[in-house]
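The following exercises concern a single protein chain. Each task is followed by a solution that proceeds step by step.

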Amino acid sequence: MIELAKLGAEGLRLEGTEASLPLEGKEALRDLHWSLFVLPSGADVFLEIRGRATWDCTCSRCLEPFDQELQITSQFLGSKDPELVARGSHALGTQDLDVVFLPETVIDELTQVREQFLLHMPMHPLCKDECQGLCPRCGKNWNKGRCNCPPESPKEPSALAKALSGLKLTFDNPAPGAESASRVREADAGKLDLEL
Ligand SMILES: [Zn+2]
Ligand SMILES: [Zn+2]
């Protein structure tokens with residue numbers, strides 16, 4: 001824990017390692033190495049967070065678990081000034097920094113590290129760039145070979161798509177017709193189905 005009011009003008013540098021840091025659901029970061037530097041700046045604090053870790057994640061196309069190496073560097077200004085937070089950025093020296101709402105007087109270093117990892121993780125991790133995804137009809141993992149399902153007619157939505165059409169889903173890449181995008185959507189739909 002870091003008591004912001006007790007920081008000296010030279011700031012504070014902390015670092016550490018964690019064998020495992022839980023994220024959301026069953027996911028976790030393994031072999032985490034992190035460092036945090038916090039420096040008072042008037043009523044605000046400058047924060048620099050660096051970290052590297054292995055993320056136990058799930059491919060967004062084929063839903064297979066895999067390890068993704070992550071490395072982050074994040075610098076921002078923590079402030080409790082609502083006007084500054086609303087402006088969104090603040091020039092400090094030669095740098096233009098994002099401003100993050102930080103009303104706490106005591107901050108937990110691992111919570112800050114975890115938050116920065118969550119912000120910098122890919123929304124749709126892929127086990128490999130050329131991941132083939134799942135068959136939208138039978139659910140077979142196409143990375144392990146094709147199935148015998150007839151090819152999808154683009155005009156006819158799958159039964160799953162019809163079932164999901166009442167739900168409001170937002171996707172990163174909603175451009176229709178792009179093959180990779182539609183596979184991502186289908187895999188996402190499959191994931192949603194599994195979670196229901
Ligand atoms: Zn995959
Ligand atoms: Zn199939």
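**Exercise 1.** Is D31 buried, exposed or partly exposed, and how many other C-beta atoms lie within 10 Å?

*Solution.* The model is predicted: local features need pLDDT of at least 70, side-chain atom pairs count only at pLDDT 80 or more, and totals for chains, interfaces and linings use all residues. Residues are numbered from 1 along each chain as its sequence is written, while chains are lettered from A and ligands numbered from 1 in the order in which they are written.

Step 1. The classes must be fixed: a residue is buried if 20 or more other C-beta atoms lie within 10 Å of its own, exposed if 12 or fewer, and partly exposed in between, with C-beta atoms placed from the backbone.

Step 2. D31 has 14 other C-beta atoms within 10 Å, so it is partly exposed.

Step 3. D31 belongs to strand β3; helices (H or I, at least four residues) and strands (E, at least two) are DSSP runs, numbered from the N terminus. Although D31 is not a glycine, its phi is positive, at about 50°.

**Exercise 2.** Determine the order of the strands in the open sheet and describe the pairing of β4 with its partners.

*Solution.* Step 1. Two strands pair if DSSP finds at least two bridges between them. The open sheet has 6 strands in the order β2-β3-β4-β5-β7-β6, with mixed pairing. Its edges are β2 and β6 (89–92), each of which pairs on one side only. From one strand to the next the twist averages 35°.

Step 2. β3 and β4 run antiparallel and are joined by 11 bridges; R30 is opposite T54 in β4. These two strands form a hairpin with 2 residues between them, and G42 in the turn has a positive phi of about 65°.

Step 3. β4 and β5 are also antiparallel, over 14 bridges. V45 has G78 in β5 as its bridge partner, and T58 stands opposite P65 in β5.

Step 4. The hairpin of β4 and β5 has 6 residues between the strands. L63 lies in the loop there and has a positive phi of about 65° although it is not a glycine. With 17 other C-beta atoms within 10 Å, L63 is partly exposed.

**Exercise 3.** Check the length of α2 and describe how this helix packs on the sheet.

*Solution.* Step 1. The expected span of a helix is 1.5 Å times one less than its number of residues. For the 12 residues of α2 (residues 109–120) this should be 16 Å; the end C-alpha atoms are 17 Å apart, which agrees.

Step 2. α2 lies across β2, β3, β4 and β5, at about 65° to β4; axes are lines fitted to C-alpha atoms, for helices over the stretch in contact, and angles run from 0 to 180 degrees between N-to-C directions.

Step 3. Q112, V113, R114, Q116 and F117 of α2 are buried. Their cover includes β2 (12–22), β3 (28–41), β4 (44–58), β5 (65–79) and β8 (106–107).

**Exercise 4.** Which residues have the most contacts inside the largest nonpolar core?

*Solution.* Step 1. A nonpolar core is a set of buried Ala, Val, Leu, Ile, Met, Phe, Trp, Tyr and Cys residues joined through C-beta atoms within 7 Å.

Step 2. The largest such core has 15 residues, and L29, L36, L47, A53 and V113 have the most contacts inside it. Two or more residues each come from β3, β4, β5 and α2; β4 gives the most, with 6 residues.

Step 3. Contact requires C-beta atoms, placed from the backbone, within 7 Å. Not counting residues up to four places away in sequence, A53 touches L29, R30, D31, L32, L70 and F117.

Definitions and conventions. Two residues are in contact if their C-beta atoms, placed from the backbone, lie within 7 Å.
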